[in-house]
Amino acid sequence: MQITNHSRRILLPVRMSWVRFTLLIALTLDFIPQPPFPGVPDFTALALAFWCVREPLRIGMGAGFVFGLLVDIGHGSAMGQHALAYVLLAYAAAGASRRLLWFPPAAQALQMAPLFLMTQVVMLIVRLLAGADFPGWAYFLTTVSTSLLWLPIHFLLLLPQMQPEERDENRPL
């Protein structure tokens, strides 16, 4: 079994200010008005799931609830629709974090797809119970686009942790 050069890299501890900043950027991206194009990724769910996997003791269901309510308010959707879905996503992602971290990012994306699908299904059920019409099967393209973004987001959000604090020419790390 060969270990790639990237997997041997030691990451610095994450700063909570960076986590909060990335979650707020994701929330802002979700608030940008977009045409009714199917498959627009759920950036808040992606960032929330990522940090629940990487930092399950710091980011969890409470953050999922707060950010879910903020998305509900921003989208004008049924109150609690995103909150319930994000709480379940945070719970499932934190529960799977120990297993997921053993895999490379591409395999993590494949394993996160069912969690993102569960999030979409929960939101759809709440919408249908509130009296909305079925949006069509294209609604589930969001799961695919969110899962595909896992790989670039993985490297982007870990970038500050990969930088060494001090450069030492005698140490390979």
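User: Before we look at any helix, what does "buried" mean here?

Analyst: Buried means under 20% relative accessible area, with exposed set at over 50% and partly exposed in between. Keep in mind that this is a predicted model. With that cut-off, the buried residues of H2 are Phe 43, Thr 44, Ala 45, Leu 46, Ala 47, Leu 48, Ala 49, Phe 50, Trp 51, Cys 52 and Val 53. That makes eleven of the twelve residues in H2.

User: What covers the buried residues of H2?

Analyst: Plenty of helices take part: the cover includes H1 (16-31), H3 (61-75), H4 (81-100), H5 (105-129), H6 (141-148) and H7 (150-162). For the wider picture, the chain has seven helices and zero strands, and 39% of its 173 residues count as buried.

User: How do I check the length of H2 against its end C-alpha atoms?

Analyst: Use the rise of 1.5 Å a residue: the twelve residues of H2 (43-54) should span 16 Å, and the end C-alpha atoms are 16 Å apart, so the two agree.

User: And how do I read a nonpolar core?

Analyst: The general idea first: in soluble globular proteins, nonpolar side chains tend to be buried together. Here, the largest nonpolar core has 34 residues, and Leu 23, Leu 48, Trp 51, Ile 59, Met 112 and Trp 150 touch the most other members. H1, H2, H3, H4, H5 and H7 each supply at least two residues of this core, and the largest share, ten residues, comes from H2. There is also a second, separate core of six residues, with Ala 85, Met 123, Leu 124 and Tyr 139 among them.

User: Which residues is Trp 51 in contact with, leaving aside neighbours within four places in sequence?

Analyst: Val 14, Trp 18, Val 19, Thr 22, Leu 23, Pro 56, Ile 59, Leu 157 and Gln 161.

User: Is Ser 147 buried or exposed?

Analyst: Buried: its relative accessible area is 9%, and the cut-off is under 20%. Ser 147 sits in helix H6. Setting aside neighbours within four places in sequence, Ser 147 touches Ala 109, Met 112, Ala 113 and Phe 116.

User: Which residues make the nonpolar surface patch?

Analyst: Phe 21, Ile 25, Leu 29 and Ile 32 make a patch of about 340 Å². A helix rule helps with the spacing: an α-helix has 3.6 residues a turn, so residues three or four places apart point the same way. Ile 32 lies in the loop between H1 and H2, and its relative accessible area of 43% makes it partly exposed.

Key
Residues numbered from 1 in each chain as written. Predicted model: local features only at pLDDT ≥ 70, side-chain atom pairs only at ≥ 80, totals over all residues. Heavy atoms only, no water. Helix = DSSP H or I, 4+ residues; strand = E, 2+ residues; numbered from the N terminus. Expected span 1.5 Å × (residues − 1). Buried < 20%, exposed > 50% of the residue type's maximum accessible area, 1.4 Å probe, protein only. Contact = heavy atoms within 4.5 Å. Patch = residues over 30% accessible without salt bridge, like charges linked within 9 Å, V, L, I, M, F, W, Y side chains within 5 Å. Areas by Shrake-Rupley, 256 points an atom, 1.4 Å probe, with all protein chains shown as cover. Salt bridge = Lys/Arg side-chain N within 4 Å of Asp/Glu carboxyl O. Core = buried A, V, L, I, M, F, W, Y, C linked by side-chain atoms within 4.5 Å.
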